[in-house]
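Reader: I am a first-year student, and I would like a close look at one part of this structure, with each term explained as it comes up. Could you take me through it slowly and then place it beside the contact of the chains?

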Amino acid sequence: MHLHKYEKIWMTFGIGSLVLFLAVLGVSAFAFGAQPPSHMHSVDSQNLEESVFSAPGVEQIDETTYRARLVAMAFGYDPGTIEVPVGSTVIFEITSSDVVHSFAIPGTNVNLMVTPGHVNMTEHTFTEPGEYLVLCNEYCGTGHQHMQMKIEVTP
Amino acid sequence: MMNQSNLAFKNNHYEPEIGVDPRDGKLAFYYVVIAFSAFLLGILGGLLQGLSRGGMIELPSWLGYYQILTAHGVLLALVFTTYIIYGFLYAGMSRTHGAFSPRLRKTGWIGFILTSLGTGMATVMILANEASVLYTFYAPLQAHYIFYFGLVFFIVGTWVTGIPMLVHYFKWKKTHPGEPAPLFGFMTTATILLWIIAGLGVAATVIGQMIPWALGMTDEINVVLSRSLFWYFGHPLVYFWIMPAYMVWYLVVPKVIGGKLFSASLAKLAFVLFLLFSIPVGFHHQLMESGISVFWKYVQTILTFVVVVPSLLTAFSIFATFEQTGRE
Amino acid sequence: MQHSDVETKEATPLKETKEHSLKGTLYFVMFIGSFIFISWFVIYFLFLSRI
Ligand SMILES: [Cu+2]
Ligand SMILES: [Cu+2]
């Protein structure tokens, strides 16, 4: 197969960029831990009362770390509002009691899928006080557009 | 400059007549007619959504926003694309490889009828608001079982029409030993193979999971598995759209501008790469999901990125075709 | 069938006898390539800025 000289330049540039992109992603994922939410725990979505999700809400783990266990459902989250002081790192653990939902905080990297039967997890450090909106960005039924919750980050 | 290219145009014996056997043209014509009917209905749905989202109109109580969204998605992303592609491939195969045999043509029609039956079933259920599940129909959102049966007929029907096109190509090769086969047939074969392989995923989830569950035979459904099977289909689906577009770029555009294809072997390589890379990449639609390990997500990311290679080849080829013709 | 000769001609790998310059092609693909390259890093840095 004959490759034109310019095509060789082009393919080298293209494949070189590809290798560079993948290397950057690989290094940030496996050396610096910037990984997509991929929690492996499962839960019985029909019996959440008998699981760690029996009393959803925020609990403090140490001085600046909180764990927020949340249940997504059509068409909201339980609880509908949580509050943490500014500067705290929140570990979100989320599951669904019915269909597939998502959990996204616009303007941050927090964005994950919530599938029934699974627990998904991510964490975020809130460095600015204020009210953060959480949205569901996966279609979940006729009231999908109303599905939201609030995170109050107090000064 | 203008004059020159016009001359080249004429010297290339540009023939406006289409040259598809009328009996084959009829099937292709029906594919195109349904494609554009679906297109018309689909964009109407899009218009209604836009107007109602923008607050310009209020939808009547019997018409749901997500119902229209589902119709919009199914009609444009599945029905329009599949029908226009099949019309294009079928007419093109007849044009480049000669008329289909009556038996193959009959099989083509059977597939067309099956596909259209499925389309009808799914459309009716959507219009009845029994299947407002969007075109991704993620479980455990549930649609009426007729919607799922419609999907099965749709997919199986496209396989049935796909097979005569594959047979037509291989028959041509057999009766023309030693001759290089028309590129159109090679590319059609790659596209149909990709479609059949991809369809296995959606057929598996619909037949194995959704139908028993929608009929009440099982009350549990493995959600993450159904999503993986759906995207095993849903990602190659976009290559199934892109490959006929690339066929137009590689085969039709050079003819229209009165030039010639930059390199046939590179074009073939691009299609083989598409076929190979299409199979394992659907997981990238589940990158933000629990239950799939980071390692596999990274592997999927690599596989997804690699697909850029045939597109790089194509980009160069298209521009080179233009430039060579321009400099003739 | 009367067209089949036209079709097969396409299929034979073209040996370019009169090599035309492909400078414009190189410029165009590199233009698109650099657009993709820059966009990728812009998005990556947006991700980093939100960590
Ligand atoms: Cu939702
Ligand atoms: Cu994809």
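**The copper site and the chain contact**

Author: In this predicted model, A:Cys140 and A:His144 are both buried (under 20% relative accessible area, with exposed over 50% and partly exposed in between, for a 1.4 Å probe and protein chains only). Both belong to the protein donors of the copper ion (ligand 1), which are A:Cys136 through SG, A:Glu138 through O, A:Cys140 through SG and A:His144 through ND1, at 2.0 to 2.6 Å from the ion (donors are N, O and S atoms within 2.8 Å of the metal, or 3.2 Å for Na, K and Ca; water is not among the atoms, so sites may look incomplete). Along the chain these donors follow the spacing C-x1-E-x1-C-x3-H. The angles among the 4 donor atoms run from 80 to 127°, and the site is irregular (four donors are tetrahedral if all angles lie between 85 and 135 degrees; four are square planar and six octahedral if opposite donors are over 155 degrees apart and all others between 65 and 115; anything else is irregular).

Turning to the chains, 38 residues of chain B are in contact with 41 residues of chain A (heavy atoms within 4.5 Å). Between chain B and chain A there are 0 salt bridges (a side-chain nitrogen of Lys or Arg within 4 Å of a carboxyl oxygen of Asp or Glu).

Residues are numbered from 1 along each chain as its sequence is written, while chains are lettered from A and ligands numbered from 1 in the order written. Local features need pLDDT of at least 70, side-chain atom pairs count only at pLDDT 80 or more, and totals for chains, interfaces and linings use all residues, while side-chain values use heavy atoms, with hydrogens and water left out.
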